[in-house]
Amino acid sequence: MGQEQFVAMMPYISTDLVSLIAEKQNISEEDAIKKLYSSKLYAVLEKEETKVWQYSTHMLYSLFEQEEKNGDIQFPDV
């Protein structure tokens, strides 16, 4: 995927993930945005070359939860 396509997709990926975080954790979308954007996961997600953006929203949420619990992320072998 080219950088332009990646940049165009990121808002959709982020929006879906923020909605899921807000729903699962019963918090506002604003708080979910703050949590996501300050996470290690988001730092990796926003780099196209990591290919983390290819994961499903539920997989991304699982990784987000893992980071919150353990302070670290173990990415699955795909």
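Are Lys34 and Glu30 buried or exposed? Both residues are exposed in this predicted model, and the second view below returns to them.

**View 1. Packing of helix α1 against helix α2 in the predicted model.** Two packed helices are described by the angle between their axes and the distance between the axes. Here helix α1, which covers residues 3–25, and helix α2, which covers residues 29–37, pack at an angle of about 115°, and their axes are 8 Å apart. The crossing of these two helices, α1 and α2, is right-handed. On the side of α1, the contact is made by Ser14, Leu17, Val18, Ser19, Ile21, Ala22 and Gln25, while α2 contributes Glu29, Ala32, Ile33, Lys35, Leu36 and Tyr37. Sorted by character, the residues of this contact of α1 with α2 comprise eight that are nonpolar, three that are polar and two that are charged. Asp31 also belongs to helix α2, and its C-alpha atom is separated by 9.2 Å from that of Ile21, a residue ten positions away along the chain. Asp31 counts as partly exposed because its relative accessible area is 36%, which falls between the limits of 20% and 50%.

**View 2. A salt bridge within helix α2, between Lys34 and Glu30.** The closest N and O atoms of Lys34 and Glu30 are 3.4 Å apart, and the two residues form a salt bridge. Both of them lie in helix α2, where they are four residues apart, or about one turn of the helix. As stated at the beginning, Lys34 and Glu30 are both exposed.

**View 3. A salt bridge between helix α4 and helix α2, made by Glu68 and Lys35.** The side chains of Glu68 and Lys35 meet in a salt bridge, with a distance of 3.1 Å from N to O. This pair links distant parts of the chain, since Glu68 lies in helix α4 (residues 57–70) and Lys35 in helix α2, 33 residues apart. Glu68 is partly exposed, with a relative accessibility of 40%, and Lys35 is likewise partly exposed, with a relative accessible area of 31%. Lys35 is also one of the residues of α2 that make the contact with α1.

**View 4. Lys51 and Glu48, a pair joined by a salt bridge.** Lys51 lies in the loop between α3 (40–45) and α4, and its side chain meets that of Glu48 in a salt bridge of 2.7 Å, N to O. Glu48 has a relative accessibility of 11% and therefore counts as buried, the limit being under 20%. Lys51, at 33% relative accessibility, counts as partly exposed. The count of salt bridges in the model comes to three.

**View 5. Backbone angles at Asn26 and Lys51.** Most residues other than glycine have a negative phi, and most peptide bonds are trans. Asn26, although it is not a glycine, has a positive phi of about 55°. This residue, Asn26, is found in the loop between α1 and α2, and it is exposed, with a relative accessible area of 71%. The phi of Lys51, which is also a residue other than glycine, is positive as well, with a value near 65°.

**View 6. Confidence of the prediction along the chain.** The protein averages a pLDDT of 92, and 97% of the residues score at least 70. Confidence is lowest in α1, with a mean of 92, and highest in α2, with a mean of 97. Where pLDDT is low, the predicted coordinates should not be read in detail.

Terms used: Residues are numbered from 1 along each chain as its sequence is written. This is a predicted model: local features need pLDDT of at least 70, side-chain atom pairs count only at pLDDT 80 or more; totals for chains, interfaces and linings use all residues. Side-chain values use heavy atoms; hydrogens and water are left out. Axes are lines fitted to C-alpha atoms, for helices over the stretch in contact, and angles run from 0 to 180 degrees between N-to-C directions. A crossing is left-handed if the near helix is turned anticlockwise from the far one by less than a right angle, and right-handed if clockwise. Contact means heavy atoms within 4.5 Å. Ala, Val, Leu, Ile, Met, Phe, Trp, Tyr, Cys and Pro count as nonpolar, Asp, Glu, Lys and Arg as charged, and the others, Gly among them, as polar. Buried means under 20% relative accessible area, exposed over 50%, partly exposed in between (1.4 Å probe, protein chains only). pLDDT is the predictor's confidence in each residue, from 0 to 100. A salt bridge is a side-chain nitrogen of Lys or Arg within 4 Å of a carboxyl oxygen of Asp or Glu.
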